[in-house]
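Q: Please take a close look at one part of this model and describe it in a connected way. The focus should be on the charged side chains and on the elements that carry them.

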Amino acid sequence: MKIGICSDHAGLDYKTRIISYLLSKGYDVCNFGTDSPESCDYPDFAHALAAAVESGEVDCGIALCGTGNGMAMTLNKHKGVRAGLAWGTAIAGLCKRHNNANVLVMPARFISYQMCTRCIRAWLTTPFEGGRHQRRVEKI
């Protein structure tokens, strides 16, 4: 599985560590930036990740910014992207189980790195339930 990842300056530290974590688990990772701690604009990186998800260049994505909201708003402007904001494992799992989220967004300034990795694990291992949830996803 190939996972795209992006962040702004607020999520850079976690993003760098998450890339190592994912590589250690055998995933291919495509980094869409930022790679600098300098202040930057999250939409630049969110649009790049969303385009890769839309085109099939990556199977899914992970995005981080200070609150997660900016990334989620930007990513969800793209047709075919379903970005879910999660700050705990139950929410991360439900993003996949009920909404078939293909991008997981996390608020780097509000959760620990350990919680990020737990959210990622929950999201990656939870199957989409389908059924009534498929009908709802189709309405998005």
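Is Arg17 buried, partly exposed or exposed, and what is its relative accessible area?

A: In this predicted model, Arg17 is partly exposed, with a relative accessible area of 35%. Its salt-bridge partner is Asp13, and the closest N and O atoms of the two side chains lie 3.3 Å apart. Asp13 is partly exposed as well, at a relative accessible area of 46%. Both residues belong to helix α1, where a spacing of four residues separates them by about one helical turn. An α-helix has 3.6 residues a turn, so residues three or four places apart point the same way.

Helix α1 carries a further charged residue of interest, Lys15, which forms a salt bridge with Asp35 at a closest N to O distance of 3.0 Å. This pair connects distant parts of the chain: Lys15 sits in helix α1, whereas Asp35 lies in the loop between β2 and α2, 20 residues apart. The two partners contrast in accessibility. Lys15 is buried, with a relative accessible area of 0%, because buried denotes a value under 20%. Asp35, at 58%, is exposed, since the limit for that class is over 50%.

The surroundings of helix α1 are set by an open sheet of five strands, ordered β2-β1-β3-β5-β4 with parallel pairing. Its edge strands are β2 (28–31) and β4, each of which pairs on one side only. On average, neighbouring strands are turned by 25° against each other, direction ignored. Helix α1, spanning residues 12–24, packs on this sheet and touches β1, β2, β3 and β5; its direction makes about 165° with that of β1. Helix α2 (residues 42–55) also packs on the sheet, touching β1, β3 and β5, and its direction likewise makes about 165° with that of β1. Within the sheet, β1 (residues 2–7) and β3 (residues 60–65) pair in the parallel sense over five bridges, and Ile5 stands opposite Ile62 in β3.

The count of salt bridges comes to three. Besides the two pairs that involve helix α1, Arg132 forms a salt bridge with Glu129, with the closest N and O atoms 4.0 Å apart. Arg132 is partly exposed at a relative accessible area of 45%, and Glu129 is also partly exposed, at 42%.

Conventions:
Residues numbered from 1 in each chain as written. Predicted model: local features only at pLDDT ≥ 70, side-chain atom pairs only at ≥ 80, totals over all residues. Heavy atoms only, no water. Pairing = 2+ DSSP bridges. Helix = DSSP H or I, 4+ residues; strand = E, 2+ residues; numbered from the N terminus. Axes fitted to C-alpha atoms, helices over the stretch in contact; angles between N-to-C directions. Contact = heavy atoms within 4.5 Å. Buried < 20%, exposed > 50% of the residue type's maximum accessible area, 1.4 Å probe, protein only.
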